[in-house]
Amino acid sequence: MNGFFDIPSDLDNTYFGLIGLHLREALLPVLAGLLAALPVAQLCVRFRWLYPPVLGVTTVFYAIPSLAVFVVLIDYTGQTELTVMIPLAVYSLVVLVPAIVDGVRSVPEETLAASTAMGFGPVRRYLQVQLPIAVPAILAGLRVAVSASISLVSVGALIGNQGALGNLLADAQKYGRPELAVNSVLTTAVLAILCDAALVLVRNLLTPWMPRGRRQRPKAAAARPEPQEAAAR
């Protein structure tokens, strides 16, 4: 472990400082993508003809390599965090729009009819009825977006030390210190796992009515007939 947490001085940061920087560069774009995806998804739900072209455009954006986007943005935003965060926000938007649309469309028609009968307008129905029911689908999309964003931040190391923990990969090669690369990979993986676990916890807190896998297994096992009983039948 000698030198594992010894961060080179050219990064002008500590180990925990790099972790905070990495989380900021990864999570703020996801938040921005979520805020942009909510109204876009609502438009796609309200106007069904709009969803196929939106899905097509977002799929094309997701296929563009982040480095290509950096090359375009760097003339406008320079070698800054913003150059890294803008593509990550777009990628998050691409992941979250289909997740929100699918979740909102899964709301039963009778539920929508009941909310309309109670006097809920489109905006109120979307915020107080459709989105809460769509929480599992939305959080599933968030889990994908957060994990992808945490991993892609490291690419920012190629545009002037804007990769947070990814900068350790460049320094590992520069100074011949492979432990820095191991540090970068392990810490990034741990951050992704912890953030994913936090989102699962949030999902469980927001959706207490959802069945939990472990709780359902005993019931399913009890309902399943034993091989001998099935043969007797």
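## Annotated transmembrane regions

The unreviewed UniProt entry annotates "transmembrane region" at residues 26-47, 54-76, 82-101, 133-160 and 180-206. The structure shown here is a predicted model.

Two of these spans can be set against the coordinates. Residues 26-47 are 95% helix and 0% strand. The C-alpha atoms at the two ends of that span lie 32 Å apart. Residues 133-160 are 68% helix, again with 0% strand. Here the end C-alpha atoms are 43 Å apart.

## Gln 42 in helix α1

Helix α1 runs over residues 15-46 and contains Gln 42. Gln 42 has a relative accessible area of 16%, so it counts as buried, the cut-off being under 20%. What does Gln 42 touch, leaving aside residues up to four places away in sequence? Its contacts are Pro 122, Tyr 126 and Gln 130.

## Cysteines

How many disulfides does a search of the whole structure find? The count is 0.

Cys 44 is buried because its relative accessibility is 0%. Cys 195 has a relative accessibility of 16%, so Cys 195 counts as buried too.

## A nonpolar surface patch

Val 57, Val 60, Phe 61 and Ile 64 make up a nonpolar patch on the surface. Together they offer about 340 Å² of accessible area.

Phe 61 belongs to helix α2, which spans residues 51-63. Is Phe 61 buried or exposed? Neither label fits: its relative accessible area is 42%, so Phe 61 is partly exposed. Buried would require under 20%, and exposed over 50%.

## Ala 181 in helix α9

Ala 181 sits in helix α9, residues 178-206. The annotated region 180-206 includes this position. Ala 181 is partly exposed because its relative accessible area is 22%, while buried means under 20%.

Which residues does Ala 181 touch, not counting those up to four places away in sequence? They are Leu 168, Leu 169 and Ala 172. Asn 167 is 14 residues from Ala 181 along the chain. The C-alpha atoms of Asn 167 and Ala 181 are separated by 9.1 Å.

## Picture so far

Gln 42 and Cys 44 both fall in the annotated span 26-47. Gln 42 is buried at 16%, and Cys 44 is buried at 0%. Phe 61 is partly exposed at 42% and is part of the nonpolar patch. Ala 181 is partly exposed at 22% and is in contact with residues including Leu 168.

Technical notes: Residues are numbered from 1 along each chain as its sequence is written. This is a predicted model: local features need pLDDT of at least 70, side-chain atom pairs count only at pLDDT 80 or more; totals for chains, interfaces and linings use all residues. Side-chain values use heavy atoms; hydrogens and water are left out. A disulfide is a pair of cysteine sulfur atoms within 2.5 Å. Buried means under 20% relative accessible area, exposed over 50%, partly exposed in between (1.4 Å probe, protein chains only). UniProt positions are given in the numbering used here, feature names are shortened, and annotations may be inferred rather than shown by experiment. Helices (H or I, at least four residues) and strands (E, at least two) are DSSP runs, numbered from the N terminus. Patches are made of residues with over 30% relative accessible area and no salt bridge: like charges are joined within 9 Å, nonpolar side chains (Val, Leu, Ile, Met, Phe, Trp, Tyr) within 5 Å. Accessible areas come from the Shrake-Rupley method with a 1.4 Å probe; for residues, only the protein chains shown count as cover. A salt bridge is a side-chain nitrogen of Lys or Arg within 4 Å of a carboxyl oxygen of Asp or Glu. Contact means heavy atoms within 4.5 Å.
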